[in-house]
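I opened the model to look up how the protein meets the DNA and how the two copies sit together. My notes follow.

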Protein chains: 2
Amino acid sequence: MIPAPDELSPVDGLAQLSFLVHGTLERLASEHGMSITQARLLGVLRDRTPTMKEVGRLLGLDKSSTTGLVDRAEARGLVARVPSETDRRAVRVHLTDDGRSLVSQVAGRFEREISTVLERLRPRDRDTLSRLVSRVLVAHAADHGIDLFSGINVD
Amino acid sequence: MIPAPDELSPVDGLAQLSFLVHGTLERLASEHGMSITQARLLGVLRDRTPTMKEVGRLLGLDKSSTTGLVDRAEARGLVARVPSETDRRAVRVHLTDDGRSLVSQVAGRFEREISTVLERLRPRDRDTLSRLVSRVLVAHAADHGIDLFSGINVD
DNA sequence: TATTGTTATACTCTATAACTATA
DNA sequence: TATAGTTATAGAGTATAACAATA
């Protein structure tokens, strides 16, 4: 009989961790009647008032997909379109009060749930993990010309 | 002016890492004309020949969603339904040769791409990261009665 | 002419409810 | 009666192509 491994391969570990985190966000969003995409939309609007085109770039969506996404969020009263003051073709998307309240709730629960998972490590190990994860992300972002803290490509 | 942080918060780091890994899988699957769901279906069939009900449980889908998923994969010649030998209501789903070849290709590319990202760390740090990730996953799995190596709930 | 955004259309993914065949 | 699976239907999410308004 083959002994069970007591550790996953590095890639398998990252894959499973990624599904765990992604699944957590999906569950929390769904508890508030949202998909991950809707949650991400509200998330990027927390500190921006982008045009439709910029929303699409931030979320990696075609402009037609963005139209539908914002339509549905607007119908629920979570976001609003306002005409751009500088370009009469463009609109800016911003959170409503309801949208801001909802995204804060979901973000808070996400923070708490992931923290709970991390608390299974001793504080020292937690710091080490966090530092190594940051280092991987920083290196990868540098390789691909991405601003890690805004998510915006700075090519 | 606020100085830019040189490290993300632990939760932000995990979230971004998770999107990086998930996005990589999504891109690789899409390069082969598949969604993540299709890739996961082929993945779970690599070492199993489950019934439709079991496929749904493994992927977290309703039985009707499973029917459609398997329909589309079968239409592409990636999987096949075979009647169960013990229960005439049930069918077993298995990979075709084409399906096995496709999933091996995608899995190989995923392994290589994620390994490339990890190679930005020194071998020593890589081992540490991998060990800590495994430890988090093992603890979380134990908390939730999940067999980490099969993904199957053993409640 | 180029850009911003919407509309028309089509396909995947997902769920609920109703149904068929078998246990 | 209960279970395995499919079908009917509906909605979200995605893309491509064609279009209108504006730059």
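I started at a base of DNA strand D: one of its oxygens is 2.7 Å from an N or O atom in the side chain of B:Arg89. I count a polar contact when two N or O atoms are within 3.5 Å; within protein, one must be able to donate a hydrogen and the other to accept it, and sequence neighbours count only if both atoms are side-chain atoms.

This is a predicted model, in which local features need pLDDT of at least 70, side-chain atom pairs need 80 or more, and totals for chains, interfaces and linings use all residues. Side-chain values use heavy atoms, without hydrogens and water, residues are numbered from 1 along each chain as written, and chains are lettered from A and ligands numbered from 1 in written order.

Next I checked the phosphates. B:Thr67 places a polar side-chain atom 2.8 Å from a phosphate oxygen of DNA strand D. B:Arg81 also has one at 2.8 Å from a phosphate oxygen of this strand.

Then I listed the surroundings. I found 23 residues around DNA strand D (near means a heavy atom within 4 Å). Among the closest are A:Ser35, A:Arg72 and B:Lys53. Of the strand's atoms within 4 Å of the protein, 64% belong to sugar and phosphate. α4(A) gives the largest share of this surface, four residues (helices are DSSP runs of H or I, at least four residues).

Last, I superposed chain A on chain B (least squares on C-alpha atoms with pLDDT of at least 70 in both). The rotation is 180° with 0.0 Å of shift along its axis, RMSD 0.1 Å. The copies are thus related as by a two-fold rotation axis. In chain A, the C-alpha of A:Ser18 comes closest to the axis, at 2.0 Å.

Key. Helix = DSSP H or I, 4+ residues; strand = E, 2+ residues; numbered from the N terminus.
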